[in-house]
Amino acid sequence: MNIVKTQSYEEMSRKAANIMSAQMIHKPDSVLGLATGSTPEGAYQILIERCQAGDLDFSEITTVNLDEYVGLSPDNPESYRYFMEDRLFSHVNMNAARVHFLNGIASDPISECARFETLIKELGGIDFQLLGMGPNGHIAFNEPSSSFARTCFKVGLTESTIEANKRFFDTAEDVPREALTMGIGTIMAARKILMLVSGSNKAEIAEEAFTGPICPEVPASILQLHPNVTVLGDVAALSWMD
Ligand code: F6R
């Protein structure tokens, strides 16, 4: 595990965008696993600027997003699908047919999860997975648990996650209680992983996840076992490093 401490959110975002740009230049038809949330927004903005300057091409890129809230349709502004359109896809030359999401309003969530898992396999797997981490150590919506989930599944969100994510909604009551998410196994099968972590509220869990025991109670700790993972964090989140 390669852990890189940057001085600020801006520096972390620039370095993340550099790593993602390199991936896209080396393999223009990469399958990118993408995350929503506040942490990657800065990197997405830089990717947009590079694409609009003609330095980055999304036309052959395929994307699969980590997760989606149950009950939110793609045109709901709080859905993760909407977030990605708004923060990245609608500003770059992405081919809409290559954008893939778990469908939060699927009538049969179990089949929907199986469809997504099969789709990722048919795409040849994920070349590059971008991750953030929740304050409770979750990755995607793999919440602290007694076991690691292998494949995509429907999950009940913890109070900690509802609390952390309510800032995107009018009230905490509006935060959906369930989500569809890639499993830990799906994420760990990605060839490369870039984890971004920012802010002092993530410092304690980051130290636990990246230096503590590997256990499903701290889902991100599993990344210690991945052969090609980089953690990019700002000084606030990685304050415990020398
Ligand atoms: C989002 C996702 C989540 C977030 C995590 C951190 O698609 O999978 O695991 O990465 O909740 O969110 P932020 O970046 O908002 O702190």
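Colleague: Two strands pair if DSSP finds at least two bridges between them. With that in mind, what is the bridge partner of Val155 in β8?

Modeller: Ala179. This is a predicted model, by the way. Val155 sits in β7, which covers residues 153-156.

Colleague: How many bridges join β7 to β8?

Modeller: The count is 4. These two strands run antiparallel.

Colleague: And which strand does β8 join through 3 bridges?

Modeller: That is β4, residues 67-69. β8 itself spans residues 178-181. β4 and β8 are also antiparallel.

Colleague: Which residue of β8 faces Glu68 as bridge partner?

Modeller: Leu180 is the bridge partner of Glu68.

Colleague: Now the 7-strand sheet. What is the strand order?

Modeller: The order is β1-β10-β9-β6-β2-β3-β5. The sheet is open, and its pairing is parallel.

Colleague: Which strands are at the edges?

Modeller: β1, residues 2-6, and β5, residues 99-100. Each of them pairs on one side only.

Colleague: How many bridges link β3 and β5?

Modeller: There are 2, in the parallel sense. β3 runs over residues 62-65. Thr63 stands opposite Val99 of β5.

Colleague: What holds strands of a sheet together, in general?

Modeller: Strands pair through backbone hydrogen bonds, parallel or antiparallel.

Colleague: Switching to the ligand. How many residues surround it, and which are closest?

Modeller: 15 residues surround the ligand. The closest are Thr39, Asp67, His138, Ala140 and Arg167.

Colleague: What is the mix of polar, nonpolar and charged in that shell?

Modeller: The shell has 7 polar, 5 nonpolar and 3 charged residues.

Colleague: Where does Asp67 touch the ligand?

Modeller: One of the polar side-chain atoms of Asp67 lies 2.7 Å from a ligand oxygen. For His138, a side-chain N or O atom is 2.7 Å from an oxygen of the ligand.

Colleague: Is the Ala140 contact from backbone or side chain?

Modeller: Backbone. An N or O atom there lies 2.8 Å from a ligand oxygen.

Colleague: How much of the ligand does the protein bury?

Modeller: The protein buries 95% of the 410 Å² that the ligand exposes when taken alone.

Colleague: And which pocket does the ligand take up?

Modeller: The largest one.

Methods. Residues are numbered from 1 along each chain as its sequence is written. This is a predicted model: local features need pLDDT of at least 70, side-chain atom pairs count only at pLDDT 80 or more; totals for chains, interfaces and linings use all residues. Side-chain values use heavy atoms; hydrogens and water are left out. A residue is near a molecule or strand if one of its heavy atoms lies within 4 Å of it. A polar contact is a pair of N or O atoms within 3.5 Å; within protein, one must be able to donate a hydrogen and the other to accept it, and residues adjacent in sequence count only if both atoms are side-chain atoms. Accessible areas come from the Shrake-Rupley method with a 1.4 Å probe; for residues, only the protein chains shown count as cover. On a 1 Å grid over the protein atoms alone, a cavity is a set of points where a 1.4 Å probe fits but cannot get out, and a pocket is an open set with protein on both sides within 12 Å along at least five of seven lines; lining residues have an atom within 4 Å of a point. A molecule sits in a cavity or pocket if more than half of its atoms lie within 2 Å of its grid points. Ala, Val, Leu, Ile, Met, Phe, Trp, Tyr, Cys and Pro count as nonpolar, Asp, Glu, Lys and Arg as charged, and the others, Gly among them, as polar.
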